[in-house]
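Work through the exercises below with the sequence and the structure side by side, and try each task before reading its solution.

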Amino acid sequence: MPKHEFSVDMTCEGCSNAVARVLNKLGGVQFEIDLPNKKVSVESEHNVDTLLETLKKTGKNASYLGEK
């Protein structure tokens, strides 16, 4: 599965919990949240646009950094 890295403007545990919640709802994803560096690595068959839109549902700024 391709692994994608995103920058998400997370500042606290609540922010990372929101990211985990929307990704779990999407399903078919494995992810790691790196709160200190504000990065989320997502392993998924979903396309990048779908993943980015999902991350933006948290209300945080999110951008695609590239494949890992």
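Two strands count as paired if DSSP finds at least two bridges between them. The model used here is a predicted one.

**Exercise 1.** Determine how many bridges join strand β1 to β4, and find the partner of His4.

*Solution.* Begin with β1, which covers residues 3-8 and is joined to β4 by 5 bridges, the two strands running antiparallel. Then look along β4 for the residue bridged to His4, which is Glu67.

**Exercise 2.** Work out the order of the strands in the sheet, and explain why β2 and β4 each have one side without a neighbour.

*Solution.* The open sheet is made of 4 strands, with antiparallel pairing, and reading across it gives the order β2-β3-β1-β4. Because β2 (29-34) and β4 (62-67) stand at the edges and each has a single partner strand, one side of each is left without a neighbour in the sheet. On average, and with direction ignored, neighbouring strands are turned by 25° against each other.

Next, place the helices: α1, residues 13-26, packs on the sheet and touches β1, β2 and β3 (39-44), while its direction makes about 170° with that of β2. Helix α2, residues 48-56, also packs on this sheet, touching β1, β2, β3 and β4, and its direction makes about 30° with that of β1.

**Exercise 3.** Locate Lys38, and decide what its relative accessibility makes it: buried, partly exposed or exposed.

*Solution.* Lys38 is found in the loop between β2 and β3. Its relative accessibility is 31%, so Lys38 counts as partly exposed. As a last step, note the backbone: phi of Lys38 is near 55°, a positive value in a residue other than glycine. Most residues other than glycine have a negative phi.

Conventions:
Residues are numbered from 1 along each chain as its sequence is written. This is a predicted model: local features need pLDDT of at least 70, side-chain atom pairs count only at pLDDT 80 or more; totals for chains, interfaces and linings use all residues. Side-chain values use heavy atoms; hydrogens and water are left out. Axes are lines fitted to C-alpha atoms, for helices over the stretch in contact, and angles run from 0 to 180 degrees between N-to-C directions. Contact means heavy atoms within 4.5 Å. Buried means under 20% relative accessible area, exposed over 50%, partly exposed in between (1.4 Å probe, protein chains only).
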